[in-house]
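User: Please take a close look at one part of this model and describe how it sits in its surroundings. I would like a single connected account.

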Amino acid sequence: MVSTANGLTTQEFVREVNNERLQNKNRWITWFGKVNGKEVSLKSHNNWVQVILVDGVKKTGNMYSNVSEFKQFLKEAVA
């Protein structure tokens, strides 16, 4: 993976968080870093993003989302 001063691209971010989710089924995960030059942190469980902070702006995801909705939420959250 190529990293720049702006951190990960949206696609890299979604892939990395989804891989972490798959490796930690039924467990909480956290992620911190830069995506497209924005400071991002998140806490999630399975397909539910409990909280994601993007440059200090808090967003929450649907608790009952499927994988496609989970990935779409991540993309839109860091756009």
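Analyst: Glu39 is partly exposed in this predicted model; the class follows because its relative accessible area is 46%, while buried requires under 20% and exposed over 50%. Glu39 belongs to strand 2, which covers residues 38-45. Leaving aside residues up to four places away in sequence, Glu39 touches Gly33, Lys34, Leu53, Val54 and Asp55. One of these, Asp55, is 16 residues from Glu39 along the chain, yet the C-alpha to C-alpha distance is 5.0 Å.

The sheet around Glu39 comes next. Four strands make up an open sheet in the order 1-2-3-4, with antiparallel pairing. Strand 1 (28-35) and strand 4 (57-59) are at the edges; each has a single partner strand, so one side of each lacks a neighbour in the sheet. On average, neighbouring strands are turned by 15° against each other, direction ignored.

On one side, strand 2 pairs with strand 1 in the antiparallel sense over eight bridges. Within this pairing, Lys43 in strand 2 stands opposite Thr30. Lys43 also lies over the face of Trp28, 4.6 Å from the ring centre. Strand 1 and strand 2 form a hairpin with two residues between them, and Asn36 in that turn has a positive phi of about 55°.

On the other side, strand 2 pairs with strand 3 (residues 48-54), again in the antiparallel sense, over six bridges. Two residue pairs can be named here: His45 stands opposite Trp48 in strand 3, and the bridge partner of Ser44 in strand 3 is Val49. Strand 2 and strand 3 also form a hairpin with two residues between them, where Asn46 in the turn shows a positive phi of about 55°.

Helices pack on this sheet as well. Helix 1 (residues 10-23) touches strand 1, strand 2 and strand 3, and its direction makes about 165° with that of strand 1. Helix 2 (residues 67-78) packs on the sheet too, touching strand 1, strand 2, strand 3 and strand 4; the direction of helix 2 makes about 10° with that of strand 3. Strand 2, which holds Glu39, is thus among the strands touched by helix 1 and among those touched by helix 2.

Asp55, a contact of Glu39, leads on to the next hairpin. Strand 3 and strand 4 form that hairpin with two residues between the strands, and Asp55 takes a positive phi near 50° there. The two strands run antiparallel and are joined by three bridges. Ile52 stands opposite Lys59 in strand 4.

Aromatic pairs are the last item. A search of the whole structure finds two of them. In one, Phe13 and Trp31 are arranged edge-to-face, with 5.0 Å centre to centre and 70° between the planes. This pair links distant parts of the chain, since Phe13 is in helix 1 and Trp31 is in strand 1, 18 residues apart. Phe13 and Trp31 are both buried, whereas Glu39 is partly exposed.

Notes
Residues numbered from 1 in each chain as written. Predicted model: local features only at pLDDT ≥ 70, side-chain atom pairs only at ≥ 80, totals over all residues. Heavy atoms only, no water. Buried < 20%, exposed > 50% of the residue type's maximum accessible area, 1.4 Å probe, protein only. Contact = heavy atoms within 4.5 Å. Pairing = 2+ DSSP bridges. Axes fitted to C-alpha atoms, helices over the stretch in contact; angles between N-to-C directions. Phe/Tyr/Trp six-rings, centres within 6.5 Å; stacked < 30°, edge-to-face > 60°. Lys NZ or Arg CZ within 6 Å of the ring centre and 35° of its normal.
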